[in-house]
Amino acid sequence: MSGVSLELCGLTRRFGGLVAVRELDMRVAPGTIHGLIGPNGAGKSTAFDLVSGVTAASAGVIRFGGVDITRASVEARVAAGICRTFQTPRLFEAMTALETVMTGCHRHVPYGFLASVFSAGSKARAEAATEVQALTLLERVGLDRDARTPVARLSYGRRRLLEIARALATGPSLLLLDEVASGLNPVETTFVSDLVRGLARDGLSVVLVEHDMRFVMNLCERVTVLNFGARIADGTPAEIAADEAVIEAYLGRPRAQAASRRDRRRIGYTA
């Protein structure tokens, strides 16, 4: 479909009798920042697992760039341009920050086993180019001074940034960020917000799963809300903040009255 980076149609995932994601429809436009939010247990991370291929869909269709990738492997999705981070950074403690990002860059290295045996010079040039690319990405996420630092010595917030750099190293056109602002201090949160805006300006589509509502509402152009695995709202941050179903899901307040300004502030919308 023209003008759509990611399209979910009736996406469903069942775990026995539990329906974690129920007939989810969602469209993400190219070069936009799209939020996927909801209370704990709403199905957000499961939806990310489905899009990234970690978990297979029980029903429905996933299209990326107009191509059906519903049954594609994780590797095929990464090759197509989809990459993600996780709620808890998955990094190798003994590696340096530079080595970590280089593992993502290696997907683009054009030599195989025979080339590495018969053309040591080509391999060395490719490795040098990979290191330069990795250093550039570390600089973009503010970790250039930590290039030689082992992961084990990085703070939690800097590990978050490192995971973003590693994801960017794969050359994605769609980046899925799972709780990227979790555990960050205000300075780090502002930096990540500016970083994500910059990525979108460069044409990258970004989907955020996030509990920090102020972060989401101030950053995203469109927001999809899940509750008990089903979509209950989809719209701009202003529309979402005024939606009675969203107010009820987050605050537990009945829908007897229109959303007040105080309600809107409590779910992170400040306009």
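Here is a walk through this predicted model, from the whole chain down to single residues.

Let's begin with the overall picture. The chain has eleven helices and ten strands. Of its 271 residues, 51% are buried. If we take contacts between residues at least 6 apart in sequence, 65% of them join residues at least 24 apart.

How far can you trust what you see? The average pLDDT of the chain is 88, and 85% of the residues score at least 70. Among the elements, strand 4 (residues 59-64) has the highest mean pLDDT, at 98, while helix 4 (residues 113-118) has the lowest, at 50. Where pLDDT is low, the predicted coordinates should not be read in detail. Please keep that in mind when your eye reaches helix 4, with its mean of 50.

Strand 4 is a good place to start looking at the sheets. Four strands form an open sheet in the order 2-1-4-5, with antiparallel pairing. Its edges are strand 2 (18-28) and strand 5 (67-68), each of which pairs on one side only. Strand 5 is joined to strand 4 by two bridges in the antiparallel sense. In this pairing, Arg-63 has Asp-68 in strand 5 as its bridge partner.

Now move to strand 8 (residues 205-209), where the pairing is parallel on the side of strand 3 (residues 33-37), with four bridges. Strand 7 (residues 174-178) also pairs with strand 8 in the parallel sense, over five bridges. To find the register, look for Leu-36 opposite Val-209, and for Leu-174 opposite Ser-205. Is strand 8 enclosed or open to its surroundings? Five of its five residues are buried, so the strand is largely enclosed by the rest of the structure. Both of its faces are covered: Ser-205, Val-207 and Val-209 are buried on one side, and Val-206 and Leu-208 on the other.

Helices can be enclosed in this model too. Helix 6 (residues 156-169) has 14 residues, which at 1.5 Å a residue should span 20 Å; the end C-alpha atoms are 20 Å apart, in agreement with that expectation. Twelve of the 14 residues are buried, so helix 6 is largely enclosed by the rest of the structure. The buried set includes Leu-161, Leu-162, Ile-164 and Leu-168, and charged side chains appear in it as well, among them Arg-159, Arg-160, Glu-163 and Arg-166. After the helix comes Gly-171, which has a positive phi, near 75°.

Helix 3 (residues 97-105) can be read in a similar way: seven of its nine residues are buried, so this helix is largely enclosed by the rest of the structure. Among the buried residues are Leu-98, Val-101, Met-102 and Cys-105.

Let's finish with a small cluster of side chains. Thr-46 lies in helix 1 (residues 44-52). Its relative accessibility is 17%, and because buried means under 20%, Thr-46 counts as buried. Which residues does Thr-46 touch, not counting those up to four places away in sequence? They are Arg-13, Phe-15, Ala-20 and Val-21. Two of these contacts also meet each other, for Arg-13 lies over the face of Phe-15, at 4.4 Å from the ring centre. As for pairs of aromatic rings, the count comes to zero.

Definitions and conventions:
Residues are numbered from 1 along each chain as its sequence is written. This is a predicted model: local features need pLDDT of at least 70, side-chain atom pairs count only at pLDDT 80 or more; totals for chains, interfaces and linings use all residues. Side-chain values use heavy atoms; hydrogens and water are left out. pLDDT is the predictor's confidence in each residue, from 0 to 100. The expected span of a helix is 1.5 Å times one less than its number of residues. Buried means under 20% relative accessible area, exposed over 50%, partly exposed in between (1.4 Å probe, protein chains only). Rings of Phe, Tyr and Trp (its six-membered ring) pair if their centres lie within 6.5 Å; planes under 30 degrees apart count as stacked, over 60 as edge-to-face and the rest as tilted. A charge sits over a ring if NZ of Lys or CZ of Arg is within 6 Å of the ring centre and within 35 degrees of the ring normal. Contact means heavy atoms within 4.5 Å. Two strands pair if DSSP finds at least two bridges between them.
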